[in-house]
Structures are given as C-alpha cells and as structure tokens.
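Reader: Can you walk me through this one? I'd like the pockets and the strands.

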Amino acid sequence: MSVLLKEQAANGVLTLTLNRPEARNAIDGELRAELRAAFAAASADDAVTAVVLTGAGGHFCAGGDLGSMQDMDQAAVTARLAEVRDTALAVAACAKPVIAAVSGHAAGAGVGLALLSDRVIAGPDACFTLSFAKIGLAPDWGLTLTLPLRLGAAEARRLCWEAGRLEAEAALAAGLADELAAQDPLETAQAFAARLAEGAGPAVAAVKRHFRLPPDLLRAALESEATAQSLCFASPEFAEGLAAFKEKRRPDFNAAKKT
C-alpha cells in the first residue's frame with residue numbers, strides 16, 4: 001500500500017494523505033520520495049487547482065521516523081538530510097496553493113511540513129509540538145525560517161529550546177495555525193481549496209507566487225539546518241535521546257555528555 005494516498009476531485013482539488021497511521025504518519029525515506037514526486041507532479045498538472053495535505057488515522061504527522069534514524073553512518077546522515085532539503089523545497093515550490101489540514105499530533109518535522117504550506121487549518125484536537133530537543137536534535141524542514149515568520153524569533157527560539165507545544169486554540173492565537181475548524185479540518189480545507197478553484201486561475205497563481213516562501217532564503221535555511229543537524233546526529237546526546245525514546249523514559253543528557 002502506498003504511504004501517500006492521492007485523491008483528486010472534479011474541481012481539481014488534489015488531496016494528499018500521509019498514510020502511515022500505525023506510526024502516526026512519521027516520515028521515512030519512502031514517504032519523502034512520494035511527497036517529492038507528488039508535489040512536482042501537482043505543480044506541473046494543469047488539472048490540479050489546489051493541494052490539500054493531511055494525515056490518516058486521526059493524526060497529521062509525528063515527525064521523522066525515529067526507527068529509520070538508528071545506526072546511521074555519516075554517509076547515511078548526509079543522504080537523509082539532502083532528502084529532507086529536496087522534499088521541503090518541492091512542497092514549498094508547488095505552483096498550486098497548498099492547504100494543510102492538521103488533526104491530532106503534528107510534531108517536529110510534522111510541524112515543519114505543515115508550515116511549508118500556504119494555509120494551516122487546525123482541527124479542535126490539533127497539537128503542535130516542537131519536539132526535536134527531546135531527542136537531542138535541532139529543528140529542520142525549514143522551521144528556522146517558517147517558525148519565526150509566524151511567531152517571531154523569540155517565541156520560535158523558546159519553543160525549539162523547550163520542545164514546546166501549542167494546542168489548537170493557542171496555535172491559532174499565536175499565528176501557527178491560520179484557522180480553527182469547528183470539526184473536521186479536512187472538510188474545512190477542502191472547502192477552502194474548492195473556493196480557490198472557483199476563482200480566476202491567473203489571479204490565484206499570482207497570489208501564490210507573490211506570497212510564497214522566498215526560495216533562496218528557504219534553501220539557505222535548509223542548508224544551515226542540515227549542517228547543524230549533522231553535528232547533532234553524531235552527538236552522544238542524540239544517542240541518549242533515541243535510547244530514551246525506545247525505553248520510554250526521560251533522556252539524561254548530562255550523563256550522555258560524560259561518555
């Protein structure tokens with residue numbers, strides 16, 4: 001079964017569903033590859049008017065797949081971070097409006113993926129967690145650009161340092177989400193995308209183009225993130241963070257520093 005489901009409505013609205021519900025849609029290599037291909041295809045397809053991105057099983061995305069992060073040598077780390085960069089750029093470069101419909105958990109890379117879209121619609125049960133610090137990693141997926149643009153630098157820093165979380169209403173108030181759906185955010189996102197599909201195509205495309213994330217700034221942020229993340233992957237703190245996650249305990253980073 002595909003890890004990314006695609007469903008296109010008669011009005012051209014394409015719904016992409018992260019489909020790893022057993023892992024809360026955590027992003028692995030297969031999902032990164034399918035996301036890159038899907039957004040590139042949507043961008044080039046004149047029949048697609050807008051893209052809605054959501055997750056299966058009641059959650060948006062739990063972030064990077066920790067199981068695929070174990071026992072990586074430097075070459076594997078470099079390859080992984082290049083895939084993250086290319087996937088993030090593919091999402092942000094999509095010529096069509098992208099609307100994220102966030103239910104349940106969006107954590108780490110899941111928050112990054114949502115913020116690469118043009119509009120974030122949160123369900124009443126949505127929870128956004130900047131969880132990188134819990135396992136000894138730094139933010140990636142463009143969050144060093146997108147998060148301060150939405151929240152300001154001070155709050156973005158705090159959330160990343162403290163692995164902070166924002167529930168749906170707090171996320172809306174802070175500007176992390178753009179709309180709070182009364183019930184199903186997918187229905188709300190698809191309805192919003194349908195309204196865009198009814199509009200003048202060139203005007204919709206112009207707004208998308210004018211207000212998109214600056215490609216050069218995003219690429220620079222992703223490259224900087226990859227450099228920092230590579231160092232984090234090689235650290236004893238990350239090894240301790242992974243072990244703690246597997247053992248369902250709090251990490252002891254002070255002990256890890258002494259090893």
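Author: What follows is a short chat about pockets, a cavity, a helix and some strands. Keep in mind that this is a predicted model.

Reader: Pockets first. How much space lies in the largest pocket?

Author: About 850 Å³. Its lining counts 37 residues. The closest to the pocket centre are Ala-62, Leu-66, Ala-107, Ser-131 and Phe-245.

Reader: And which elements give two or more residues to that lining?

Author: Helix 2, strand 5, helix 9 and helix 10, the last spanning 236–247.

Reader: Now closed space. How many cavities of 30 Å³ or more does a search of the whole structure find?

Author: One. The space in that largest cavity is about 40 Å³.

Reader: Which residues line the largest cavity?

Author: Leu-81, Val-84, Arg-85, Asp-140, Trp-141, Leu-222, Glu-225 and Ala-226. Helix 2 and helix 9 each supply at least two residues of that lining.

Reader: Helix 2 again. What span does it reach?

Author: Helix 2 covers residues 74–93, 20 residues in total. From first C-alpha to last it reaches 28 Å, close to the 28 Å expected at 1.5 Å a residue.

Reader: Which of its residues are buried in helix 2?

Author: Val-77, Arg-80, Leu-81, Val-84, Thr-87, Ala-88, Leu-89, Ala-90, Val-91 and Ala-92. Leu-81 and Val-84 are on that list, and both also line the largest cavity.

Reader: What do the buried residues of helix 2 pack against?

Author: Four helices and a strand are involved: helix 1 (29–44), helix 3 (109–115), helix 8 (201–211), helix 9 (215–233) and strand 4 (98–102).

Reader: On to strand 5. Which sheet is strand 5 in, and in what order do the strands run?

Author: An open sheet of three strands, ordered 5-7-8, with mixed pairing. Strand 5 (105–107) and strand 8 (165–167) are the edges; each has a single partner strand, so one side of each is left without a neighbour in the sheet. On average, neighbouring strands here are turned by 15° against each other, direction ignored.

Reader: In which sense do strand 5 and strand 7 pair, parallel or antiparallel?

Author: Parallel, over three bridges, with strand 7 at residues 127–129. Ala-107 has Thr-129 of strand 7 as its bridge partner. Ala-107 is also one of the residues closest to the centre of the largest pocket.

Reader: Switching to the N-terminal end. How are strand 1 and strand 2 connected?

Author: They form a hairpin with four residues between them. Gly-12 sits in the turn, with a positive phi of about 90°. Strand 1 (4–8) and strand 2 pair antiparallel over five bridges. Within that pairing, Glu-7 stands opposite Thr-15.

Reader: What about strand 2 and strand 3? Parallel or antiparallel?

Author: Parallel, over six bridges, with strand 2 at residues 13–18. Thr-15 has Val-52 of strand 3 as its bridge partner.

Reader: How many residues of strand 2 are buried?

Author: Six of its six, so to speak mostly covered. Val-13, Thr-15 and Thr-17 point one way, while Leu-14, Leu-16 and Leu-18 point the other.

Reader: And why is strand 3 largely enclosed?

Author: Because six of the six residues of strand 3, at 50–55, are buried. Ala-50, Val-52 and Thr-54 face one way from strand 3, and Val-51, Leu-53 and Gly-55 the other.

How values were computed
Residues are numbered from 1 along each chain as its sequence is written. This is a predicted model: local features need pLDDT of at least 70, side-chain atom pairs count only at pLDDT 80 or more; totals for chains, interfaces and linings use all residues. Side-chain values use heavy atoms; hydrogens and water are left out. The expected span of a helix is 1.5 Å times one less than its number of residues. Buried means under 20% relative accessible area, exposed over 50%, partly exposed in between (1.4 Å probe, protein chains only). Contact means heavy atoms within 4.5 Å. Two strands pair if DSSP finds at least two bridges between them. Axes are lines fitted to C-alpha atoms, for helices over the stretch in contact, and angles run from 0 to 180 degrees between N-to-C directions. On a 1 Å grid over the protein atoms alone, a cavity is a set of points where a 1.4 Å probe fits but cannot get out, and a pocket is an open set with protein on both sides within 12 Å along at least five of seven lines; lining residues have an atom within 4 Å of a point. Grid points are joined across faces, edges and corners, and a volume is the space filled by probe spheres set on the points.
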